[in-house]
Number of protein chains: 2
Amino acid sequence: MTATATRTSTLTATGEALRRALDGPFHAVKQRWRDEVTAEDFVRDPDWDIPTAREWALDKLVDLAAREFAIAGFPEAQGGRGSQAESVAHFEMLAMGDLSLAIKSGVQHGLWGGAVMNLGNQWHHETWLPGTITGETTGCFAMTELGHGSDVQSLETTITWVPEAGEYEVHSPTPGATKAYIGNAATHGKWAAVFGQMIVDGENHGVHVIIVRIRTEELGPVDGVTIGDQGHKGGLLGVDNGTITFDHVRVPRENLLDRFGGVTADGVYASTIESRNARFFTMLGTLVRGRICVGGGAASGTRKALSIATRYALKRTQFRLPDLGREIPLLDYQTHQRKLLPNIAKAYAYGFAQNEIALQLQRMMDAQGSDSTAVRELETRAAGMKALLTRWANDTIQVCREACGGAGYLSENGLTMVRQDADVFATFEGDNTVLLQLVAKALLLDYKKTWGDMDMRGTAQATARMLGGTFLERTTAKAVIDRILSGSKSKDVGSRAWHIEMFEDRERHTVEGLAKRMRAAAKASDSFAAVNACQQHMLAAAKAHTDRVVLEAFIEGIDETDDPYIASILNKVCDLYALATIEENRGWYMEHERFDGARSKVVTEAVDALCLDLRGKALELTEGMGVEESWLNAEILR
Amino acid sequence: MTATATRTSTLTATGEALRRALDGPFHAVKQRWRDEVTAEDFVRDPDWDIPTAREWALDKLVDLAAREFAIAGFPEAQGGRGSQAESVAHFEMLAMGDLSLAIKSGVQHGLWGGAVMNLGNQWHHETWLPGTITGETTGCFAMTELGHGSDVQSLETTITWVPEAGEYEVHSPTPGATKAYIGNAATHGKWAAVFGQMIVDGENHGVHVIIVRIRTEELGPVDGVTIGDQGHKGGLLGVDNGTITFDHVRVPRENLLDRFGGVTADGVYASTIESRNARFFTMLGTLVRGRICVGGGAASGTRKALSIATRYALKRTQFRLPDLGREIPLLDYQTHQRKLLPNIAKAYAYGFAQNEIALQLQRMMDAQGSDSTAVRELETRAAGMKALLTRWANDTIQVCREACGGAGYLSENGLTMVRQDADVFATFEGDNTVLLQLVAKALLLDYKKTWGDMDMRGTAQATARMLGGTFLERTTAKAVIDRILSGSKSKDVGSRAWHIEMFEDRERHTVEGLAKRMRAAAKASDSFAAVNACQQHMLAAAKAHTDRVVLEAFIEGIDETDDPYIASILNKVCDLYALATIEENRGWYMEHERFDGARSKVVTEAVDALCLDLRGKALELTEGMGVEESWLNAEILR
């Protein structure tokens, strides 16, 4: 426990208040990190080789867990706090230190621990969770195979019931069945939650998960299990990714994580969910936290990068002011403001949206997934936000690197490692392109539910008559959004009602158009080709939806801010977020005659003006993003 | 010399012909690499630590130079071929192997060697160039300082004439004067071409360059020179970047690279160029090759990444075709085609444009820079292309990484190291944002030259009457462009004349608007603020100009292709390049009423259709990009 007075005292009052607002319901959880965790606790040296980075990550995970960080998601009975929402907040804070460490904990506590917790029963919890929390019982989440990444239902590993022995046999029948990219596999894992096809009496009951020992307590080999080290990667050198194959490995019946189905003591398969498909998606649904964490972690890394680049841009000068001789700080240049400030605005927008989705996760867990609509909505948002936040992270960290010039490329300035580590966030926990298609499919289901089999002409007419569009499911921001929409009808680019209208309109129209095309495609002679031709449209619909969800969360977050001065700053930041997003999509708006060229230019001018205006609050906004200055660890800021 | 029959025989005939067309005037030079250079000669292991990577880079440089690769730019008298254009082609081929090695050679042969060659006299050539070619006489290009990166004219290092000793004193007066990010400095460099302010008798004659010894032949320290190692970077681990400072280091008078000015044997300063400013820009102008190489090298790395991702997408399947059961190759998906094919089209476009600029460089060197308009035009294009190609490289290599999923993140698959190495190409040889502003300023000069002081109303009217706009300086493609424009007037999205018109129109209108704004800004009370507000507009103008130059080069390249079948394929690729670029800028076109929303959607549909069409030629187009399959070194392709 380090004395913190000296650290926090450098914060401006506005910066601290912004931080409190953006932390929202998680302020206490997050502030404990800032008060108690130092750079030495969780910031990695970019120069370390793989073995050093891997050992460091495990050491720090054990240390932080002992201090009750990053383990809030576990049941209180086993030493956690029983809060999934808090566990997301912990992951976000870990990610402000180091993404390898965050992913190491994500593998150990989140994925492995989460599988045991969410798919197992009380006995599994008591047997594996206490050691999982401390980092003693190291485990893998062995889902992805070489042959099948995105297509999880086609996994080839088998979990075959052997009646005469009363146990299961886990086997990798083909090279493609090799478990791959598995964190904790290459070095540390003793156990694995293995995903495979459950075969009982020759019948396939679909994908199930079973706990298999892969190393002894002394980390020695186990018969029938072959482990490979996937070695050097584009980043995340502290995470020991590896391959695992199984050669007819026998596993006790009790090891099956059987919350949703398994072979009973009588040797027959039983499940609470009849449909194989429904069972599969129910199981996966309980693991949605991983996606939420990945989006939030990528956003944390981005906030860190933005903090470094913005603080540097405030002090670094280049070229002289003509006539005056004074050199000009980088952040005074319009191009530099344009690089950083809209991204800071997005950092706030995504931060508020992340708070909301963490709470939504908690509500779903509290209800034990009983509200299937809520479950599906959460999954849709988690998929959309994961895709958007990780895309933004990769793009923005790169912008930050370039905004720091050559210095940004030196590892000692903290940017290149975040960029390299965040890269694969676009891929794991679901490839972004595949996730956006999942979102689009869910939106089409919503759409169909609302409109049923009404023919398309009728649908279009009905939609045109509607204001607000009921098929757009409202987020929890419903009350405040309705209040805004029922108020001012101003079409000024600064009008929040206009922003909402533009975001909603883009979503509604994109989804409607997609529904129309998909219905036609289903009837086409080559339906694969016809549906395939809608893929880009699907991505557009998914992004439009997620943008709208994020805007609503931002508006709700501001509504919950008591301090009117802070709310006024956040409103400007929200203006910038909304207008920069509208500007990015101005091609769409003009194509669909939502506004004309003159209006589009006014939007661009408004974004420029907001950048110039908020440049005066750049330090405070940077502080508000919540990354302790002492964690930045950038030589250029010393 | 490896037998090559087995390697080249795997090429399709179409792929080989496309390769020949894209190599253009450099086919023989480039084919010699493919015939004689193997992966072991120049492909680096991504797992190596810094010392190993650095020694490997120097070893390979020495080896390749001994085989007469990468040294074509030096005078024949010293062992080169006296061809700057060929030296650019060599750099591009080096970059297909490894970007660290390319940059190591770029530092040694291009920057250090280029400074001696272009700024020195015969004696400098004879003294330093032979060893520079072999890699024995290792040197640094010591321009950038910690305090001043983009603003080279404000460098603080001094080169002071000491009359009583008849020699110069090189000194770093402040910490900001420290030379930084200097390749060859940290480990290997024996010499440095040091940029500093030339002070004679208290008068500053501006930036000059002098050769200073920084290490002994045994690589030991030299009095007065302090060298630092900048250690781990975001990539380019094979390049030994470091810092250098000088403490009153005395240097013989003869060491000044005095082609454009220096102190005579009589102890007085003399220069063939009177203006300090003109002298500075003339000196920098001779070094333009570096920028051309950086753009070309980034493009080579991107072609390699595209080759890996496309070959993988042709063989990797994921998800089953509904009903049929067959798994679907990734490249059959529309989203995947959209990721790769427009970028392959850009690879061709930029390849043809790169050939053209290399030839233009040669013409400028042959004329010894006597045509100042040609010099300025070359500098403008080099700056614009460097900015565009390196931006495209970073974005596209990332797309390729993601298109290969988790496998793309494993270093053994060859993508992550290219991505990390290419990153800083956006910064060195000129920050992209600064370079685009240089381009815009040059365009404004052209504009002013054409229109003189005609008032803006008159200008606008005159412009409106013009077709083709004389202020758009034509590239060497003038004849073929004029022929196309005088032919079909079709406005079909497949019409080349329409593409040209759209590219030209965007450039002309953006530059005109900028000229108008800049003229007004110059008269504003706060002229910094007013000019600053035009920065984003400057970037837009520079991009529009460079896009047009690239399109013209592509059209010219096709015109020079004899084989009508190959030309027909290239025409489709050019359609895709042109339409994808128009699509990216559709917001601008609609804002300025160049086309409406309906037309915009037709453009998007045409891009989709071309992607689907060219998917059938994906292997051939990949081969045509010119990267030997054996150089790809990707485990996923084995």
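**Figure 1. Chain A splits into four parts, from domain 1 (11–134) and domain 2 (139–276) to domain 3 (289–432 + 629–633) and domain 4 (434–466 + 493–624).** Keep in mind that this is a predicted model. Domain 3 and domain 4 of chain A are each written as two stretches of residues, so read their numbers with a bit of care.**Figure 2. Here is where domain 1 of chain A meets domain 4 of chain A.** Measuring over C-alpha atoms, the centres of domain 1 and domain 4 of chain A sit 33 Å apart. Domain 1 of chain A puts 11 residues into the contact, and domain 4 of chain A puts in 12. What classes of residue does domain 1 of chain A offer to domain 4 of chain A? On that side there are five nonpolar, four polar and two charged residues.

**Figure 3. Chain A and chain B are two copies related as by a two-fold rotation axis.** Turn chain A by 180°, shift it 0.0 Å along the axis, and it lands on chain B with an RMSD of 0.0 Å. That is why the two copies are described as related by a two-fold rotation axis. Want a landmark for the axis? In chain A, the C-alpha nearest to the axis belongs to G587(A), at 2.1 Å from it.

**Figure 4. Now for the place where chain A touches chain B.** Each partner chips in: 58 residues come from chain A and 58 residues from chain B. On the side of chain A that touches chain B, you can find 16 nonpolar, 26 polar and 16 charged residues. Of the interface residues of chain A, 100% are also interface residues in chain B, so the copies meet through the same surface.

**Figure 5. In chain A, helix 10 (residues 289–315) packs against helix 14 (residues 415–423).** The axes of helix 10 and helix 14 of chain A are 10 Å apart, and the packing angle is about 160°. An angle over 145° counts as roughly antiparallel, and helix 10 and helix 14 of chain A are therefore roughly antiparallel to each other. Their crossing is left-handed. Helix 10 of chain A brings A298(A), G301(A), K304(A), A305(A) and I308(A) to the contact, while helix 14 of chain A brings L415(A), V418(A), D421(A) and A422(A). Sorted by class, the residues of this contact are six nonpolar, one polar and two charged.

**Figure 6. Helix 17 (residues 478–486) and helix 18 (residues 496–522) of chain A cross at roughly 110°.** Their axes come within 8 Å. That angle makes helix 17 of chain A roughly perpendicular to helix 18 of chain A. The crossing of helix 17 and helix 18 of chain A is left-handed. Look for I481(A), I484(A) and L485(A) on helix 17 of chain A, and for R496(A), A497(A) and I500(A) on helix 18 of chain A. The residues of this contact divide into five nonpolar, no polar and one charged.

**Figure 7. Over in chain B, helix 2 (residues 13–23) crosses helix 21 (residues 564–584) at roughly 75°.** The axes of helix 2 and helix 21 of chain B come within 10 Å. Are helix 2 and helix 21 of chain B roughly parallel or roughly perpendicular? The crossing angle makes helix 2 of chain B roughly perpendicular to helix 21 of chain B. A17(B), L18(B) and A21(B) of helix 2 of chain B meet I566(B), I569(B) and L570(B) of helix 21 of chain B. What mix of classes does this contact have? It comes out as six nonpolar, no polar and no charged residues.

Terms used. Residues are numbered from 1 along each chain as its sequence is written. Chains are lettered from A and ligands numbered from 1 in the order in which they are written. This is a predicted model: local features need pLDDT of at least 70, side-chain atom pairs count only at pLDDT 80 or more; totals for chains, interfaces and linings use all residues. Domain bounds come from an automatic or database domain assignment. Two residues are in contact if their C-beta atoms, placed from the backbone, lie within 7 Å. Ala, Val, Leu, Ile, Met, Phe, Trp, Tyr, Cys and Pro count as nonpolar, Asp, Glu, Lys and Arg as charged, and the others, Gly among them, as polar. Copies are superposed by least squares on the C-alpha atoms of residues with pLDDT of at least 70 in both. Axes are lines fitted to C-alpha atoms, for helices over the stretch in contact, and angles run from 0 to 180 degrees between N-to-C directions. Helices (H or I, at least four residues) and strands (E, at least two) are DSSP runs, numbered from the N terminus. Angles under 35 degrees count as roughly parallel, over 145 as roughly antiparallel, 65 to 115 as roughly perpendicular and the rest as oblique. A crossing is left-handed if the near helix is turned anticlockwise from the far one by less than a right angle, and right-handed if clockwise.
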